[in-house]
Amino acid sequence: MTRCLLNIDLGELPGEDEQLYALAHLANIACGGHAGDADSMRRALELCERHGTLAGAHPSYADREGFGRKALDVSPEVLRAQVAEQCGRLVALARERGVPVRHAKPHGALYHAANASPALARAVVDGVVEALGTEVTLVGPGTGALREAAQASGLAYAREGFADRGTLPDGSLIPRGQPGAVLTDVAKARENTVRLATGGAVDTLCVHGDTPGAVALAREVRAMLDALERPPEPLGDSALRLTLPEGVDRRQAREALCSLPGVMDAVITEAHACVYFDPTTPPEDASLVLTRLRVTPTSVSERPLIRIRVRYDGEDLPKVAAHAGLSVEEVVRRHTAREYTVRCVGFLPGFAYLGDVDPSIACPRLATPRTKVPALAVGIAGERTGVYPFASPGGWNLVGTALDFTAFDPTRGAVMQLGDRVRFEREDG
């Protein structure tokens, strides 16, 4: 675990929100001690598989009545057997689905009691190893008996902090039941996330699945962790370059960035966003704005479909066909068969980069660009296709000519905007 990951205690409550699995890097799955049964474990494993979340065991004292939050007088031998049994139940079900179980984290009172007692810590570690083997990571407090026992047994260890728990002046957690013990305010969880994730003392942050408002808290914590992982790059004193998170709607990204105080414009490219701002009021949360878009479910209204008629008469069409090992007719068929999306707009006003072309007809740019490409020429360059709005130099492979089409309007600007849908239609003659 080389970056700060979000772990969430899951499989504990009926009607658990699936979004929690999508937000978590690690799911700590209750395996029968304080909560959970075969059905809940199967569901949790299925959701981990669906969302690419790493599944782990979350053993506890055998205390379903008290939800595992009361320390019990259990001998180390009995505790080892209980932990092994609980982890074994989960791993048996996980094998049925082919889902690996690669970490374990004690729950509730056991977490704290074992960390204070070397004997109990060894019992927990021995039970985990008995059920899961030694190629697992134990998640626990930054210092104490659990870490020492894990290291003595050769287990990897992840130091944990809590985004949704308040702390005392000495850094320990405020006991549950006391004011400030459980944080439900998103702003406070965000402050905790920044403090803990940047302090160098934790490898993973926890949000409890049973905390009120857990989805909103987890969404903000995940967004902040992702934003901290991708800090903006200053471009002088009045611009920032940010990495676009995968899956973010590009038009929404630009609108969100432009809405920040002090931002004068935002330009979206293939992999980045460039934000231009008043140097006296630099935006504070530009990276966070983008990561919030990635982790927050949003409804994107379907863009209207732009149809462009094309006469396939480009001088590079035979070369593209030869590169693909296809006939010219087949290249045209595949070029017109796809619906494209505007990925970014540049390098000329109104030049929309459309993606993705069928991989079989993707063709590298020309080694030496032409000094002049005619207006409305349709080209292919790598995985992108597009229409030259004006006559200009260019290195795309020319496959046709757009008919009766205007890419740039002097009053409205670029006709094709981020996220617009585009199809090419063949026009003979």
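How much area does the chain expose, and what share of it do carbon and sulfur atoms supply? The chain exposes about 19,400 Å², and carbon and sulfur atoms supply 51% of that. Areas here come from the Shrake-Rupley method with a 1.4 Å probe, and for residues only the protein chains shown count as cover.

Before going further, some ground rules. This is a predicted model, where local features need pLDDT of at least 70 and side-chain atom pairs count only at pLDDT 80 or more, while totals for chains, interfaces and linings use all residues. Residues are numbered from 1 along each chain as its sequence is written, and side-chain values use heavy atoms, with hydrogens and water left out.

**The whole chain**

You're looking at 12 helices and 22 strands. These are DSSP runs numbered from the N terminus: H or I of at least four residues for helices, E of at least two for strands. The radius of gyration is 28 Å, well over the 22 Å that the globule rule gives for 429 residues, so the chain is more spread out than a compact globule. (That radius is taken over C-alpha atoms, and the rule is 2.2 Å times the number of residues to the power 0.38.) Along the principal axes, the C-alpha atoms fill a box of roughly 85 × 55 × 35 Å.

Of the 429 residues, 52% count as buried. Buried means under 20% relative accessible area, exposed means over 50%, and partly exposed is in between, with a 1.4 Å probe and protein chains only. Among contacts with a separation of 6 or more, 67% come from residues 24 or more positions apart; a contact here means heavy atoms within 4.5 Å.

As for charge, there are 47 positive and 55 negative side chains, and the centres of the two sets lie 3 Å apart. Lys and Arg count as positive, Asp and Glu as negative, and His and the chain ends are not counted. Each charge is placed at NZ of Lys, CZ of Arg, CG of Asp or CD of Glu.

**Strand S1 and its partners**

Strand S1 (residues 5–10) has 6 of its 6 residues buried, so it is largely enclosed by the rest of the structure. Leu5, Asn7 and Asp9 are buried on one side, and Leu6, Ile8 and Leu10 on the other. Two strands pair if DSSP finds at least two bridges between them. S1 runs parallel to S7, with 5 bridges, and Asn7 has Cys206 as its bridge partner there. S1 also pairs with S2 in the parallel sense over 4 bridges, with Leu10 opposite Ile29.

Here are some of the strand pairings side by side:

| Strand pair | Sense | Bridges | A facing pair |
|---|---|---|---|
| S1 and S7 (residues 204–208) | parallel | 5 bridges | Asn7 and Cys206 |
| S1 and S2 (residues 26–30) | parallel | 4 bridges | Leu10 and Ile29 |
| S8 and S9 (residues 239–243) | antiparallel | 2 bridges | Pro234 and Leu240 |
| S13 (residues 340–345) and S14 | antiparallel | 4 bridges | Val342 and Leu354 |
| S14 and S17 (residues 384–387) | antiparallel | 2 bridges | Gly355 and Arg384 |

**A four-stranded sheet**

An open sheet of 4 strands has the order S8-S9-S11-S10, with antiparallel pairing. S8 (233–234) and S10 (263–268) stand at the edges with a single partner strand each, so one side of each is left without a neighbour in the sheet.

**Around S14**

S14 is covered on both faces: Ala352 and Leu354 are buried on one side, Tyr353 and Gly355 on the other. The hairpin of S13 and S14 has 6 residues between the strands, and Gly350 takes a positive phi near 90° there. Just past S14 comes a backbone oddity: the peptide bond from Gly355 to Asp356 is cis, with omega near -10°. Asp356 sits in the loop between S14 (352–355) and S15 (370–373).

**Backbone exceptions and a buried glycine**

Most residues other than glycine have a negative phi, and most peptide bonds are trans. Phe67 has a positive phi near 55° and sits in the loop between S3 (54–58) and H3 (76–97); at 18% relative accessibility, Phe67 counts as buried. Leu376 has a positive phi of about 70°, in the loop between S15 and S16 (377–381), and is buried at 19%.

Finally, Gly56 lies in S3 and is buried, with a relative accessible area of 0%. Leaving aside neighbours within four places in sequence, Gly56 contacts Ala27, Asn28, Ile29, Leu90, Val101 and His103. Gly56 and Asp73 are 17 residues apart in sequence and 26 Å apart in space, C-alpha to C-alpha.
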